[in-house]
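Colleague: Got a minute to go through this one with me? I'd like to take it region by region.

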Amino acid sequence: MLVTTHAMVAATVAIKTGNPYIYIPFAAADHFTFDAFPHFGGKWINDHFKSVAIIDAVVGITLFLILARYTKFSVLILLAVCLLAGWPDLLWLTKRRRFPKFFKFHAGIQKFEATSGILIEVAIVAVCLALIFV
Ligand SMILES: [Zn+2]
């Protein structure tokens, strides 16, 4: 699952509940729970990994800036929640070879990846934005 989607789900729970006893554990568990559900991935994403990572970063940062600008939630806490939800994929980008058991687990839970999973992720992000702004 894209980092943007993980971060948006966690940010939505944080903004809507405002309760750190709910949104911090949720953000910590969000990644592994949502990676086990059908999502964007598979051979195509592996073949275009760099481009997908750049687009994910641009969209994620843009959405973060929108949330920072148009919600009254603390920007620093919002950033921490987004990083907490996305850290396994961010770690994947940087120190992949240092934690082989973790990466084996992380890859192993992603059993339902498909290119068409992008539709699921766009729908999740759209629902999050609707919950926050509508
Ligand atoms: Zn992941």
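Colleague: Which helix holds L119?

Modeller: L119 sits in helix α7, residues 117–133. Keep in mind that this is a predicted model.

Colleague: Is L119 buried or exposed?

Modeller: Exposed. L119 has 63% relative accessibility, and the cut-off for exposed is over 50%.

Colleague: How far is L119 from W92, C-alpha to C-alpha?

Modeller: 23 Å. Along the chain, L119 and W92 are 27 residues apart.

Colleague: OK, on to the metal. Which residues are the protein donors of the zinc ion?

Modeller: H31 and H106 donate through NE2, D35 and D89 through OD. They lie 2.0 to 2.3 Å from the zinc ion.

Colleague: How are those donor residues spaced in sequence?

Modeller: The pattern is H-x3-D-x53-D-x16-H. D35, in helix α2 (residues 20–35), and H106, in helix α6 (residues 100–108), link distant parts of the chain. That pair is 71 residues apart.

Colleague: And what is the geometry of the zinc site?

Modeller: Irregular. The angles among the four donor atoms run from 85 to 175 degrees.

Colleague: Why isn't that tetrahedral?

Modeller: Because a tetrahedral call needs all angles between 85 and 135 degrees. The range here goes up to 175 degrees.

Colleague: Are D35 and H106 buried or exposed?

Modeller: Both D35 and H106 are buried.

Colleague: What about D89, buried or exposed?

Modeller: D89 is buried, because its relative accessibility is 12% and the limit is under 20%. D89 belongs to helix α5, residues 75–94.

Colleague: What does D89 contact, beyond its sequence neighbours?

Modeller: Leaving out neighbours within four places, D89 is in contact with M1, L2, V3, H6, H31, D35 and H106. Take V3: its C-alpha is 6.6 Å from that of D89, though the two are 86 residues apart in sequence.

Colleague: Staying on α5 for a moment. Which residues form the nonpolar patch on the surface?

Modeller: F49, L76, L79, L83, L90 and L93. Together they have about 550 Å² of accessible area.

Colleague: Which element gives the largest share of that patch?

Modeller: Helix α5, with five residues. L90 is in that helix.

Colleague: How exposed is L90?

Modeller: Partly exposed, because its relative accessible area is 31%, between the 20% and 50% limits.

Colleague: New topic. How many salt bridges in the whole structure?

Modeller: One. The side chains of K43 and D47 meet at 2.7 Å, N to O.

Colleague: Where do K43 and D47 lie?

Modeller: Both K43 and D47 are in helix α3, residues 43–47. They are four residues apart, about one turn of the helix. K43 is exposed, at 61% relative accessible area.

Colleague: Last one. Where is I15, in which helix?

Modeller: I15 is in helix α1, residues 3–17.

Colleague: And which residues does I15 touch?

Modeller: Not counting residues up to four places away, I15 touches L67, T71, F73, L78 and I132. For T71, the C-alpha separation from I15 is 8.0 Å, with their positions 56 residues apart along the chain.

Colleague: Great, thanks.

Notes: Residues numbered from 1 in each chain as written. Predicted model: local features only at pLDDT ≥ 70, side-chain atom pairs only at ≥ 80, totals over all residues. Heavy atoms only, no water. Donors = N, O, S within 2.8 Å, 3.2 Å for Na, K, Ca; no water. Tetrahedral: all angles 85-135°; square planar, octahedral: opposite > 155°, others 65-115°. Helix = DSSP H or I, 4+ residues; strand = E, 2+ residues; numbered from the N terminus. Buried < 20%, exposed > 50% of the residue type's maximum accessible area, 1.4 Å probe, protein only. Contact = heavy atoms within 4.5 Å. Patch = residues over 30% accessible without salt bridge, like charges linked within 9 Å, V, L, I, M, F, W, Y side chains within 5 Å. Areas by Shrake-Rupley, 256 points an atom, 1.4 Å probe, with all protein chains shown as cover. Salt bridge = Lys/Arg side-chain N within 4 Å of Asp/Glu carboxyl O.
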